[in-house]
Amino acid sequence: MADQQTTLEVYLRELWAEYALGNVFLLLRLFSRYKTVGFQGFGLDDYFTGLVMAVWAVYTGCASSALTMPSNVGLTPETAAAVPSDQYATYEHGGRVVFVSWIFYVTYVWCIKATALSFFARLCAGLPGEMAAVRGVALFTAAGYLASILTQVLGCLPVHHSWQVFPFPGEQCTTRKLNYYIIGTLNPFTDLLCCMLPVPILIKLQLPTRRKLMLCPLFFSGLFVAVASILRSYYSLQSLDQILQSAFWSSREFFVAAATVSIPCLRPLFIRSTWRGGLRSGGNSNSGKAMSSGDTPYSYGRGTGRGGNGGNGGQRSVQVSGGDYEMHSRHHHTRRPSQGLMQGTRLSPIESDEDLMIVRKDGVTRSEHSDEIPRAIHVTTEYSVSRDIEAAQELKV
């Protein structure tokens, strides 16, 4: 009994320590995004990050409570019959907390996936093939979330049997073994799908193999989350009569997921121009400048040279200098030349593996600090429009 109490105390300390440290990563991610694009530039992934923090707070409270109160988890027909009737309410309250904890566990891990998918959607905007892949994975992931929630809610019917003590409701209601198979399969599988999304972009990027390999830890860090999910299911199935193992590995999975989804966005915090306000303010960089002296161009996407091809298409080239590598690509839609470029399209300088270029309302795209940071990959896009008499003029972004 003393050893069990010691184990519980150790776990609770780890639970709250991982919660605190994980939220530091998430807050730094939001702060980095604020420093680079401001609140008005926040994307869907940033709002999902806030939702992740809220869901994690509720789950941590539920998990710590569930571990310190009795519930029907692990009961058998004999032990359930031995529970005094005046303790039924206490056990049922603990069972309800466990039931809610499962829902918030599923919601947390799928919010992490939504954050990653929203991030990839910004990264792939303007690339029809890649965007189609992101949408396909997003739909499958949404279906996986629905299936997981339904498994939890409908896996034991009527629902109140999920926390009933006596008469004994059955192991399908107390140990919830089905959850570990269905959720434990869908969770890592969707993680792996998300990890595969950057592969086509990475292949198309005309960089030496060594440099592509340097990008892999950023793009495929979601594999660690998938491994953590598999370990959680494996160890939980070894001791279904206890919720300690499940909660123990859930906390570790949450921390790994929070760090994984945050680290790719923390690069701006280590750039001097971030702290000088150069990313969010107007800056003094020359409009449209994409590479500094000595940069070496590598082609990406359609076309390999400079100059427009006419029509709606365009050339993309990735400018590489030094050792900081990044993936960015945005596709500009154009109106008539007299109307300029459509507002809302952004290209990126370098700061993390996301797009941070600022587009003014007059349609002029500006790299706010391309003069200040020569070690970068920059994306430039060139178009020619042939819709009217002014179509002979080339629009260079």
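Let's start inside this predicted model, with the walls of its largest cavity: the residues lining that space divide into twelve nonpolar, three polar and three charged. Keep that mix in mind as we look around the cavity itself.

How big is the largest cavity? Its volume comes to about 280 Å³. In total, 18 residues line the largest cavity, and those lying nearest its centre are Ala 116, Phe 120, Gly 222, Thr 260 and Val 261. Try finding these five in the structure above. Next, ask which elements give two or more residues to this lining. They are helix H4 (88-123), helix H7 (177-196), helix H9 (209-219), helix H10 (222-238) and helix H11 (244-262). Among these contributors, H4 supplies the largest share, with five residues.

The largest cavity has company, for a search of the whole structure turns up four cavities of 30 Å³ or more. Let's visit the second largest, which has a volume of about 220 Å³. Its lining is made of 19 residues, and Val 98, Trp 102, Tyr 180, Ile 243 and Ser 246 are the ones nearest the centre. Here the elements giving two or more residues are helix H2 (44-66), H4 and H11. Once again H4 deserves a look: it gives the most to the lining of the second largest cavity, with four residues. As for chemical character, the lining of the second largest cavity divides into eleven nonpolar, six polar and two charged residues.

H4 and H11 have now appeared in the linings of the largest cavity and the second largest cavity, which invites a look at how these two helices sit together. As a general idea, two packed helices are described by the angle between their axes and the distance between the axes. For H4 and H11, the axes come within 10 Å and cross at roughly 15 degrees. Angles under 35 degrees count as roughly parallel, so H4 is roughly parallel to H11. The crossing of H4 past H11 is left-handed.

Which residues make the contact between them? On the H4 side they are Tyr 105, Tyr 108, Val 109, Ile 112, Thr 115 and Ala 116. H11 answers with Ser 250, Glu 253, Phe 254, Ala 257, Ala 258 and Val 261. Together, the residues of this contact divide into nine nonpolar, two polar and one charged.

Two of these names may ring a bell: Ala 116 of H4 and Val 261 of H11 take part in the contact, and Ala 116 and Val 261 are also among the residues nearest the centre of the largest cavity. That brings us back to where the tour began.

Conventions:
Residues numbered from 1 in each chain as written. Predicted model: local features only at pLDDT ≥ 70, side-chain atom pairs only at ≥ 80, totals over all residues. Heavy atoms only, no water. 1 Å grid on protein atoms, 1.4 Å probe; cavity = no way out; pocket = protein on both sides within 12 Å on 5 of 7 lines; lining within 4 Å. Points joined across faces, edges and corners; volume = space filled by probe spheres on them. Nonpolar A, V, L, I, M, F, W, Y, C, P; charged D, E, K, R; others polar. Axes fitted to C-alpha atoms, helices over the stretch in contact; angles between N-to-C directions. Parallel < 35°, antiparallel > 145°, perpendicular 65-115°, else oblique. Left-handed = near helix turned anticlockwise from the far one by under 90°. Contact = heavy atoms within 4.5 Å.
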